[in-house]
Amino acid sequence: MRKYLFVSQMGLQMSLAYRLNYLISVFAAGFPLLLQVMFWHAIFTYTQAEQVYGYRYEEMMAYALFAALVSQALRTGFEYEVATDIKEGGLNRFLTQPLSYSAYRLAAFVGQNLGYFAATLLLIGGCAVLLNHWLQMTVSLSDYVRMLCVLCGAFFIQFFLFYLIGLVAFWMQEVWGVFESIRIVGLVLSGGVFPLTVFGESGMAVLRYLPFQYVVFFPIEVVLGRVTGSDLMIGLAIQGAWIIGLFSLSRLVWSRGCKHFIALGG
């Protein structure tokens, strides 16, 4: 356990050393966010509707803002490192030493994203206060605390999803296009671009049992106070089931993949 804590500490130190990267990424997300705000503002203005896809005007503006922030907090990139380890033989040292590769990657992911995650939570809290003031909407402290719990689950779902994607390199030579395609699809299906209610009731019935919506859409619904009581408990149960399922699947894929691994380079 001590060695994995050390890996997390190293990852945290690295993220703090390059904290300018986080600020740049937040500002870079500002342009697409501005486009979304203008898009939804135009729709509400043109239709004069009180609700669009089940959201009031202020809720839609808050959703666009929170989706951009949550997507930044849960961004990945380590799947490329996983693929490189497999292709270039960096996996060798993990097969010959008493070190779990998945635990190592999880520890590094936690360390590298912990600072960004905390900073994003502070930004969400600050934005909630401003939204309460400017748009006369209510984001309660209890809903914010519930969102923290849900986001912790989203953190692990995101890790195991992209860890599994990285393991595809055991069977494919060129994986970069696959990674980017899945990243885009995942961003859409998670609710990072627009609320999943745009898919209608039939689409939501399917997406409800997939892991993607529990990364972005579900946490935002919680902080907006749109998911409470039994619906919140059911969502948490499904989220927990996906964490266990993805963890078990990653172990199976890893064991199968190691049989195809040829220890070259490294």
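This report walks through a few spots in the structure above, from a buried phenylalanine to a network of charged side chains. Keep in mind that this is a predicted model.

**A phenylalanine on the inside**

Let's start with Phe159, which you'll find in helix 8, spanning residues 141-166. Is Phe159 buried or exposed? Its relative accessible area is 0%, and the cut-off for buried is under 20%, so Phe159 counts as buried. Who does it touch? Setting aside neighbours within four places in sequence, Phe159 is in contact with Phe78, Ser102, Arg105, Leu106 and Phe109. You can also check the backbone here: the C-alpha atoms of Phe159 and Val110 are separated by 9.1 Å, with their positions 49 residues apart along the chain.

**Helix 5 and its buried side**

One of those contacts, Phe78, takes us to helix 5, which covers residues 78-88. The buried residues of this helix are Phe78, Glu79, Val82, Ala83, Asp85 and Ile86. Where do they sit around the helix axis? They cover an arc of only 155°, which means they are on the same side of helix 5. Right after the helix comes Gly89, and its phi is positive, near 85°.

**A nonpolar patch outside**

Now for the surface. Leu34, Leu35 and Met38 form a nonpolar patch there, and together they have about 300 Å² of accessible area. Leu35 belongs to helix 3, residues 30-47. Its relative accessibility is 45%, so Leu35 counts as partly exposed.

**A stop at helix 9**

Helix 9 runs over residues 176-189, and Ile182 lies in it. With 31% relative accessibility, Ile182 is partly exposed. The C-alpha atoms of Ile182 and Ile165 are separated by 8.3 Å, and these two residues are 17 residues apart along the chain.

Helix 9 also holds both Glu180 and Arg183, three residues apart, which is about one turn of the helix. Their side chains meet in a salt bridge. Both ends are partly exposed: Glu180 has 36% relative accessibility, and Arg183 has 23%.

**Salt bridges**

What lets such pairs form? Side chains of opposite charge can pair when their charged atoms come close. How many salt bridges turn up in a search of the whole structure? The search finds nine salt bridges. Here are some of them, with the N to O distance for each pair.

| Salt bridge | N to O distance |
|---|---|
| Glu59 and Arg226 | 3.3 Å |
| Glu180 and Arg183 | 3.8 Å |
| Arg226 and Glu221 | 2.8 Å |

Take the bridge between Glu59 and Arg226. This pair links distant parts of the chain, 167 residues apart. Glu59 sits in helix 4 (residues 57-73), while Arg226 is in the loop between helix 11 (217-223) and helix 12 (229-258). The two ends are covered to different degrees: Glu59 is buried at 7% relative accessible area, whereas Arg226 is partly exposed at 29%.

Arg226 also meets the side chain of Glu221 in a salt bridge. Glu221 counts as buried, because its relative accessibility is 7%. Which residues belong to the network around these bridges? Salt bridges that share partners join Arg56, Glu58, Glu59, Glu221 and Arg226 into one network. If you have the structure open, try finding Arg226, since it pairs with both Glu59 and Glu221.

Technical notes
Residues are numbered from 1 along each chain as its sequence is written. This is a predicted model: local features need pLDDT of at least 70, side-chain atom pairs count only at pLDDT 80 or more; totals for chains, interfaces and linings use all residues. Side-chain values use heavy atoms; hydrogens and water are left out. Helices (H or I, at least four residues) and strands (E, at least two) are DSSP runs, numbered from the N terminus. Buried means under 20% relative accessible area, exposed over 50%, partly exposed in between (1.4 Å probe, protein chains only). Contact means heavy atoms within 4.5 Å. Patches are made of residues with over 30% relative accessible area and no salt bridge: like charges are joined within 9 Å, nonpolar side chains (Val, Leu, Ile, Met, Phe, Trp, Tyr) within 5 Å. Accessible areas come from the Shrake-Rupley method with a 1.4 Å probe; for residues, only the protein chains shown count as cover. A salt bridge is a side-chain nitrogen of Lys or Arg within 4 Å of a carboxyl oxygen of Asp or Glu. The arc is that of the directions from the helix axis to the C-beta atoms.
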